[in-house]
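Trainee: Could we go through this structure together, beginning with how its helices pack?

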Amino acid sequence: MQQLLDMLNYMRPEGSNAQRLFCKKYLEPVFGEPDEDGNYFLLVGSKYPKIAFMAHHDTVHKDQGFQRIHVSSKGHVSLAEKNWSRSCLGADCTTGVYIILRMIEADVPGVYIIHAGEEIGCVGSKALAKRRPPYLDKVEAAISFDRYGTTSIITHQMGERTCSDEFATSLSSTLGMPYLTPDPTGAFTDSIEYIHFIPECTNISVGYYNQHSVNESQDLNYLEELIGNLIDADWGALDIVRDPRDMIFRSSLDPWGDNYYNDSGGYQSAVRAETSFLAELCSDYPEEVADILRNVGYDAASLLEDLNINPTSHDLNRMLEANY
C-alpha cells in the first residue's frame, strides 16, 4: 500500500503541474504517453478486450501541490491536517488509479483507461467515447473504480439505467463479495459516457468515504480485499444483459449533444420524463441527494442562490445555526 500512500500526497486539480508530475511518475512508466485528450489506456491480454476498467487522474482539490496524510491503527487514511484550503484527501480517484496499477501488474486481461478531467465534467471520457477507438468495439462492460463506501455496484447514473441488475449481481458473485449489491443511486462518473454503445456501465465501491471534503478517508483493509478479488475473478462469468440500443433518450451528459435516441416522442418529452424521475429520486432519497450536493461543493446558501430563491427568516436562522 505504500505506493497508494505516496500517490495520495499529490493535490492535482485538472491542468495543474502537480497532476502532470503525478502522471509522469505513476502512469507514463506503465501506459506511455497519453492520447490527445489526456487519457491513458493500455491493452492487456487481447487486442479486443471484453472488459474496460476505468478511473481518472485528476482530483477535486482547490489548490495544487502536496499534502500530508495520516494512517490510523485501524487502517484508515485521512488528511494529517484538516485545512480547508486542502479541501480533500483525493482518494477519489487516486484509489481507482492504484487499483488499476495493481491489476495491470497482476496481468488481469482487459483495457485499462485512466481519464483526464472527470472532476470538471468527464472531459476525457466524453472525447474518448465520441472518437470510439477500435479497442472499444468488443467491450461489453465498463467498470469504474470511483464509488464511495463498501456496498455498491451502481446500476443507474443521473437517473439513467447504465447497468443491469443481473450484471451487478453476477459481478458481486464473481468477486465473492455478497455485500456489494445493485445500487440505483449513482451520481455520475466516466463510465456513463459509454452507455450508448457499451452494454454494462457501472461503478463499484472502493472504500473511500466523505469524498470531496476535508473529512475524506480511505479504508485500506477493504481496498486490499477488493484488489485481491479483482485479480482472482473469473471475468468470463459475468451476465451481459443491458442492450444500449433500447435507451429511450439521451442523457443531458451525452457527448454528441443531439436530441434523440430512437423515440418518436422527441427530446422535450424525454427531458420531462428524466426530470420527473430525478424529482422522485430526490423525494425518495433526500439525505443521499443532500450528501451529493454537499460533496460537489454546495451549501444551503449557494444552493438557494443558484435556485434564485431569497431565503426566508426561517432559512436564515437555520443557516446561522449551521454556522454559515
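Mentor: First, a convention: axes are lines fitted to C-alpha atoms, for helices over the stretch in contact, and angles run from 0 to 180 degrees between N-to-C directions. Helices (H or I, at least four residues) and strands (E, at least two) are DSSP runs, numbered from the N terminus. This is a predicted model, in which local features need pLDDT of at least 70, side-chain atom pairs count only at pLDDT 80 or more, and totals for chains, interfaces and linings use all residues. Residues are numbered from 1 along each chain as its sequence is written, and side-chain values use heavy atoms, with hydrogens and water left out.

Trainee: At what angle do H3 and helix H6 cross?

Mentor: The axes of H3 and H6 (residues 220-232) cross at roughly 40° and come within 10 Å. That makes H3 oblique to H6 (under 35 degrees is roughly parallel, over 145 roughly antiparallel, 65 to 115 roughly perpendicular, and the rest oblique).

Trainee: Which residues of H3 and H6 meet there?

Mentor: From H3, Thr95, Tyr98, Ile99, Arg102 and Met103 meet Leu223, Glu224, Leu226, Ile227, Leu230 and Ile231 of H6, where contact means heavy atoms within 4.5 Å. By class, this contact has eight nonpolar, one polar and two charged residues; Ala, Val, Leu, Ile, Met, Phe, Trp, Tyr, Cys and Pro count as nonpolar, Asp, Glu, Lys and Arg as charged, and the others, Gly among them, as polar.

Trainee: And how far apart are the axes of H2 and H3?

Mentor: Helix H2 (residues 17-31) packs against helix H3 (residues 91-105) with the axes 11 Å apart, at an angle of about 30°. That makes H2 roughly parallel to H3. Phe22, Tyr26, Leu27, Val30 and Phe31 of H2 make the contact with Val97, Ile100, Leu101 and Ile104 of H3. The contact of H2 with H3 has nine nonpolar residues, with no polar and no charged ones.

Trainee: Changing topic, where is the cis peptide bond?

Mentor: The bond from Asp92 to Cys93 is cis, with omega near 10°, and Cys93 lies in helix H3.

Trainee: What is phi of Cys122?

Mentor: Phi of Cys122 is near 55°, a positive value in a residue other than glycine. Cys122 lies in the loop between strand E7 (110-115) and helix H4 (123-131).

Trainee: What is the mean pLDDT of the chain?

Mentor: The mean is 87, and 87% of the residues reach 70 or more; pLDDT is the predictor's confidence in each residue, from 0 to 100. Over residues 248-270 the pLDDT is below 50. Where pLDDT is low, the predicted coordinates should not be read in detail.
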